[in-house]
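Open the model in your viewer and keep a selection box ready. Each stop below says what to pick and what is there.

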Amino acid sequence: MGVLCDLFEGLWYITVLNIGPVFDNSLACSQDARFTAYLFELRHLRSLSFFNCFSSSIRQPATIPSQNWQKLAGNLETLEFRSNQGLTGAIPAGLSLLINLQSLVLVENSLTGELPQELGNLVHLRRLSLACNQLSGPIPASLGDNLVDLLILDLSTNSLAGPLPPSLGNMNSLLKLDLSYNNLNGKLPGEVEKLKNLTILDLRNNNLSGGLSQSFQGITSLQDLLLSNNPVGGNLMEFRWENMRNLTTLNLSNMNLTGEIPESITEIGKLRYLDLSSNNLSGSVSPKFAALPCLNALYLNGNNLTGELGFSAEFYQRMGRRFASFDNPSLCYRMKPRGHVPVGVAQCKHQHDVPISNLDSGNKLSDKNPNQKSSFMASFGLSNSSIAGFWWVLLMQAAAAAAFLLLMLA
């Protein structure tokens, strides 16, 4: 609802205020919308939301007020600014005065500057989402020290830089950690193993390096592990992937990974999506991937995989375009008559043995039974090579005898 009111001591007060085209009865924004001091007189306000209200940063730019937030501190639990392209400037440190705030959502605006470290004082926060802005600078080192009740932390799609602070490991209740599409660097902190309730870890498209952290395999609650497009490096064989039994999505593409694909990944029974593309992986591909009951996407393209793909035509048909293994020069597939085949992969060239009957057609034992000759040789304990040697010795003996006779008759 756009506006909700509750009764306090015989008087009606506004408790929920949604401004912008969120609901049919939401309050509309004027083209020259501005914050007013009267807003901070709504002392019983529990939820305040602005959606698509400040639309132009060129014609009518606006900033989040930096003062008076303490007037709403007694009751305000939710504060949201969504899809306000005309909302510019920094996140004011004064928001940290909202001591009862449980949800702070500042998404798809044009906010700039660094994250105020004072946000770590919002000890009752359960959701902190600042995605899709133009925020820069490091993640405050102390951000996670006091946010032990936080369930969702989303700082994605900004320009944040620097390392991941170890204090993130203190957010024991965290369910989702999304820091994707930033400029974060350094090693993956081992402290993440403390996040025992984490189900989504998204660190895609950063500059993280230093190899895979062993601590990931200790987060058995993880369902989505997304690390793609980071120069992390490392070897997948170092992990006990079978312990991550709840994984449904695993994206490790373009990470400079080396070594073989561990067969233990095929023991993750709930796995639906696996992307190992654009790495330096080598070795063969286990046919056991086809037995994963939930798998509906497998991307292995852009590696150095070798050998023969042991999947059936039915597997290729079921996966369709959700299976890719091209750009592996030494990888091939076994031909299946009238079956589906993997795109961009060559057919294996098997070298078949040529039957002896084709080599020695003048000495056939039987035209009707091509196996009769081999059976005959086997009955005497002779192999192909030994029988050939036998005829060669016999021929030489005959030649020697003929030469002796010629000498005697001369």
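**Stop 1: a surface patch.** Select Phe8, Leu11 and Tyr13. In this predicted model, these residues form a nonpolar patch on the surface, with about 250 Å² of accessible area together. Now keep Tyr13 alone. Tyr13 belongs to strand β2, residues 11-19. Its relative accessibility is 30%, so Tyr13 counts as partly exposed.

**Stop 2: Thr15.** Stay in strand β2 and pick Thr15. Is Thr15 buried or exposed? Its relative accessibility is 0%, so Thr15 counts as buried; the cut-off for that is under 20%. Show what surrounds Thr15. Leaving aside residues up to four places away in sequence, Thr15 touches Leu4, Cys5, Asp6, Phe8, His44, Leu45, Arg46 and Ser47. Phe8, a member of the surface patch, is thus also a contact of Thr15.

**Stop 3: strand β7.** Select residues 103-109, which make up strand β7. Six of its seven residues are buried, so the rest of the structure largely encloses this strand. Which strands pair with β7? Add residues 78-84, strand β5: six bridges join β5 to β7, and the two run parallel. Label Phe81, whose bridge partner in β7 is Leu106. Then add residues 127-129, strand β9. β7 and β9 also pair in the parallel sense, over three bridges. Here Ser103 stands opposite Arg127 in β9.

**Stop 4: the nonpolar core.** In soluble globular proteins, nonpolar side chains tend to be buried together. Select Leu79, Leu104, Trp241 and Leu298. These have the most contacts inside the largest nonpolar core, which has 92 residues. Several elements each supply at least two residues of this core, including β2, β5, β7, β24 (304-309) and α1 (313-319). Which element gives the most? That is α1, with three residues.

Now zoom in on Leu298. Not counting residues up to four places away in sequence, Leu298 touches Leu274, Phe289, Phe311, Phe315, Met319, Arg322, Phe323 and Ala324.

**Stop 5: a five-strand sheet.** Select β8, β10, β12, β14 and β16. They form an open sheet in that order, with parallel pairing. The edge strands are β8 (112-113) and β16 (207-209), each pairing on one side only. For a look inside the sheet, pick residues 159-162 and 183-187. These are β12 and β14, which pair in the parallel sense over two bridges. Label Gly162: it stands opposite Leu184 in β14.

**Stop 6: a six-strand sheet.** Select β18, β20, β22, β24, β26 and β27. In that order they make an open sheet, again with parallel pairing. Which strands lie at the edges? They are β18 (234-235) and β27 (346-347), and each pairs on one side only. Next take β20 (residues 257-260) with β22 (residues 280-283): three bridges pair them in the parallel sense. Thr258 has Asn280 as its bridge partner in β22.

**Last stop: the whole chain.** Clear the selection and zoom out. The protein chain has four helices and 27 strands. Of its 410 residues, 42% are buried. Take the contacts with a separation of 6 or more: residues 24 or more positions apart account for 56% of them. Switch to a surface view to finish. The chain exposes about 21200 Å², and carbon and sulfur atoms supply 53% of that area.

Conventions: Residues are numbered from 1 along each chain as its sequence is written. This is a predicted model: local features need pLDDT of at least 70, side-chain atom pairs count only at pLDDT 80 or more; totals for chains, interfaces and linings use all residues. Side-chain values use heavy atoms; hydrogens and water are left out. Patches are made of residues with over 30% relative accessible area and no salt bridge: like charges are joined within 9 Å, nonpolar side chains (Val, Leu, Ile, Met, Phe, Trp, Tyr) within 5 Å. Accessible areas come from the Shrake-Rupley method with a 1.4 Å probe; for residues, only the protein chains shown count as cover. A salt bridge is a side-chain nitrogen of Lys or Arg within 4 Å of a carboxyl oxygen of Asp or Glu. Buried means under 20% relative accessible area, exposed over 50%, partly exposed in between (1.4 Å probe, protein chains only). Two strands pair if DSSP finds at least two bridges between them. A nonpolar core is a set of buried Ala, Val, Leu, Ile, Met, Phe, Trp, Tyr and Cys residues joined through side-chain atoms within 4.5 Å. Contact means heavy atoms within 4.5 Å.
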